[in-house]
Amino acid sequence: MDSLNVPVDIPPQPWSGRFDGDGASHRRWWQAVLPYDGGTGVAGAAGTAAGNACGRPAALLGFASDEGVRRNKGRTGAAGAPGAIRSALGPLAFHGDRAVADAGDVVVAGGDLEAGQERAGRAVAALLDAGWLTAMLGGGHETAYASYLGVTASAAAQGRRLGILNLDAHFDLRDEPVPSSGTPFLQMARAEAAAGRDFRYAVVGISEPNNTRALFDTAHALGVRYLQDEECEPERVRTFVADFLAGVDLLYLTIDLDVLPAAVAPGVSAPAAYGVPLPVIAALCRQVAESGKLLHLDIAELNPAFDVDGRTARVAARLLDTLLR
């Protein structure tokens with residue numbers, strides 16, 4: 001992968017799934033995803049569609065980390081999420097038209113979250129600059145700051161109005177001395193201010209009982225737009241997202257799976273007592289995918305150690321299938 005300087009710790013591994021035949025009409029994700037080859041083969045298609053967000057080939061990148069969750073005093077185990085998501089995605093029927101490649105995993109080891117985020121950010125930036133639509137498979141929600149580093153370092157984002165849309169029960173605006181899964185969006189706000197850019201951040205699914213008044217005050221001070229979980233009727237969400245999209249040129253979408261009800265997504269660090277219904281989240285993903293503004297996405301907080309029948313991993317896979325059609 002040196003030709004595009006994509007720094008990973010684990011190269012792409014073989015995918016597997018049910019085999020129904022080799023033809024396009026039988027194809028499943030495990031047959032469609034090819035190893036990222038550093039600039040030839042599948043990667044050669046990237047530049048030809050770079051101007052069309054809906055047609056760009058997609059690159060999957062794992063971020064094997066739960067160090068941010070540990071620092072945030074949550075339930076660790078999210079480091080195993082990239083493999084669990086791939087395993088759930090592989091057997092699904094592939095109905096998309098875009099080329100998809102797997103670039104492997106960045107691994108946070110020895111508690112050095114910051115170094116891992118920096119490496120993952122460099123990988124995302126390199127892929128974006130080569131014309132890929134990038135999808136990061138987290139990892140705790142510390143994944144989000146790694147994504148942000150990559151997006152804002154990419155040539156694609158320079159001089160453009162970037163919007164950050166978070167599907168989450170939490171603001172993740174904690175003001176802590178050490179970065180964690182609870183701090184990424186405050187880190188982004190400060191980085192945007194230091195760069196002289198507006199912080200365009202919106203959240204769908206906020207749980208009032210799970211965010212302190214201090215967090216709401218921080219959100220208001222930063223001009224964060226949000227919908228609480230109890231407000232997430234389908235049409236209201238659609239209007240909210242449409243209004244946010246209208247004010248940005250490019251979108252970074254981050255999905256914390258704890259935005260969903262615990263019955264749908266039990267395998268997370270903080271299962272939701274209420275949550276936003278899956279059909280609402282799926283419709284939002286379709287809306288974003290169809291907008292033509294999606295530059296990068298990530299899915300975070302899957303914890304395979306607490307999943308039930310692979311339920312949460314299957315949801316993550318289904319959302320990826322929707323977003324990468």
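This note looks at a set of annotated residues in a predicted model, with attention to two of its aspartates.

1. The annotated set. In the UniProt record, which is an unreviewed entry, the annotation "binding site" covers four positions, namely His-141, Asp-168, Asp-172 and Asp-256. These residues are spread over 116 residues of sequence, and yet they cluster in space, since the largest C-alpha distance is 10.4 Å. His-141, Asp-168, Asp-172 and Asp-256 also belong to the lining of the largest pocket.

2. Asp-168 in its loop. Asp-168 is found in the loop between β5 (162–167) and α6 (184–194). Is Asp-168 buried or exposed? Asp-168 counts as buried because its relative accessible area is 0%, whereas the cut-off for that word is under 20%.

3. The surroundings of Asp-168. When neighbours within four places in sequence are left aside, Asp-168 is in contact with His-141 and Asp-256 from the annotated set, and its other contacts are Val-203, Val-204, Gly-205, Ile-206, Asp-258 and Val-259. The side chain of Asp-168 is, in addition, joined to the side chain of Asn-166 by a polar contact of 3.2 Å.

4. Asp-256 in its strand. Asp-256 lies in strand β8, which comprises residues 250–256. Asp-256 has a relative accessible area of 2%, and therefore it is described as buried.

5. The surroundings of Asp-256. Which residues does Asp-256 contact, leaving aside its neighbours within four places in sequence? They include His-141, Asp-168 and Asp-172, which are the residues that share the "binding site" annotation with Asp-256. Asp-256 is also in contact with Asn-166, Leu-167, Ala-300 and Glu-301.

Notes. Residues are numbered from 1 along each chain as its sequence is written. This is a predicted model: local features need pLDDT of at least 70, side-chain atom pairs count only at pLDDT 80 or more; totals for chains, interfaces and linings use all residues. Side-chain values use heavy atoms; hydrogens and water are left out. UniProt positions are given in the numbering used here, feature names are shortened, and annotations may be inferred rather than shown by experiment. On a 1 Å grid over the protein atoms alone, a cavity is a set of points where a 1.4 Å probe fits but cannot get out, and a pocket is an open set with protein on both sides within 12 Å along at least five of seven lines; lining residues have an atom within 4 Å of a point. Helices (H or I, at least four residues) and strands (E, at least two) are DSSP runs, numbered from the N terminus. Buried means under 20% relative accessible area, exposed over 50%, partly exposed in between (1.4 Å probe, protein chains only). Contact means heavy atoms within 4.5 Å. A polar contact is a pair of N or O atoms within 3.5 Å; within protein, one must be able to donate a hydrogen and the other to accept it, and residues adjacent in sequence count only if both atoms are side-chain atoms.
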